[in-house]
Amino acid sequence: MFRIQQQFKLVSLRFQSQTFQLSRNNSISSNIFTANSSNLKMSKSNDEISTKRASITHIIFDMDGLLIDTENFYSQVQEVILARFGKTFDWSLKAKMMGKKAIESAKIFVEESGISDSLTPEQFLVEREDMLQSLFPTCNLMPGVSRLINHFHTNRIPMAVATGSHKRHFELKTQKHGEIISMMHHIVLGDDPDVKKGKPSPDIFLAAAKRFEDVVDPSNILVFEDAPAGVGAAKNAGISVVMVPDPRLDSSYHSGADQVLSSLLDFNPGEWGLPPFGDAAS
Ligand SMILES: O=P(O)(O)OC[C@H](O)CO
Ligand SMILES: [Mg+2]
């Protein structure tokens, strides 16, 4: 217990010192992402893109790393745990874990980092829990979230959240963010009985799609995601996806998405047949 408290102090200190660095990194990488996004658009014909994008009526948001800035908490805690084994946590491992159910990403963590003889996935989840429980309630919204959700809500666009997080973590993460959560038609969590397998299985997005009041065709839904597994899940469900990746994620993971943006602030609703910003209603 003492060791966990000491590690948590270290995580807190690291978090405070990394906040500034992260915002600097985000702004530095912004132009690179814009260039990648343009390249992606150029690989398909304009007609094909505009026809596909013109018909969106419903929205499904991922949560961690897309609506709220919790992915950095996971990274910092996992870094501390691997340091105990003399190993480092890097973005190639992060890319494989993010967006998945807790136990699924825990298996990847211990196996891929080569510590499975010393730590089981279940022990890993117990070891990180105290640190995460203290960090989650402090999380902030990602840039552009408040403006986008308020815009859709004002314009009566039905929205849902589909997150790999289980109920207990969801409640900690959303303690400060009740207002945006209250604008969602429904929430589907990773421990929902209809979500047999985590992302990239389509289960969670198919469950979220069928819980809107009206029957909605997947081609009329748009998913927002930050994680490779989440992009895969949306595509496996036949749903278009806008990816807003962390700048540190390798760009080879961008290719599955229909659009890649460096920030939700860059999303243009009019491109997708949604009410544009600046209307009287927004
Ligand atoms: O990105 P989400 O919201 O599906 O969350 C999944 C995990 O809880 C964090 O990677
Ligand atoms: Mg996510």
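I'll start at S165: one of its polar side-chain atoms lies 3.3 Å from an oxygen atom of ligand 1, which makes a polar contact, that is, a pair of N or O atoms within 3.5 Å. The protein covers 95% of the 310 Å² of accessible area that ligand 1 has on its own, with areas from the Shrake-Rupley method and a 1.4 Å probe.

Before going on, this is a predicted model, where local features need pLDDT of at least 70, side-chain atom pairs count only at pLDDT 80 or more, and totals for chains, interfaces and linings use all residues. Residues are numbered from 1 along each chain as its sequence is written, chains are lettered from A and ligands numbered from 1 in the order in which they are written, and side-chain values use heavy atoms, leaving out hydrogens and water.

Back to the ligand. Two backbone contacts join the one from S165: a polar backbone atom of D64 is 2.8 Å from an oxygen atom of ligand 1, and for a polar backbone atom of G99 the distance to a ligand oxygen is 2.9 Å. Around ligand 1 there are 13 residues, and D62, D64, E71, T163 and G164 come nearest; to count, a residue needs a heavy atom within 4 Å. That shell has six charged, four polar and three nonpolar residues, with Gly counted as polar and Tyr as nonpolar.

Where does ligand 1 sit? In the second largest pocket, by the test that more than half of its atoms lie within 2 Å of the grid points. A pocket here is an open set of points on a 1 Å grid, with protein on both sides within 12 Å along at least five of seven lines, and lining residues have an atom within 4 Å of a point. The space in this pocket is about 330 Å³. Its lining has 27 residues, with Y74, K100, K101, A102 and S105 nearest the centre. Twelve of the lining residues are charged, nine polar and six nonpolar.

Last, the backbone. K199 and P200 are joined by a cis peptide bond, omega about 15°. R156, not a glycine, has a positive phi of about 55°.

Terms used: A polar contact is a pair of N or O atoms within 3.5 Å; within protein, one must be able to donate a hydrogen and the other to accept it, and residues adjacent in sequence count only if both atoms are side-chain atoms. On a 1 Å grid over the protein atoms alone, a cavity is a set of points where a 1.4 Å probe fits but cannot get out, and a pocket is an open set with protein on both sides within 12 Å along at least five of seven lines; lining residues have an atom within 4 Å of a point. Grid points are joined across faces, edges and corners, and a volume is the space filled by probe spheres set on the points.
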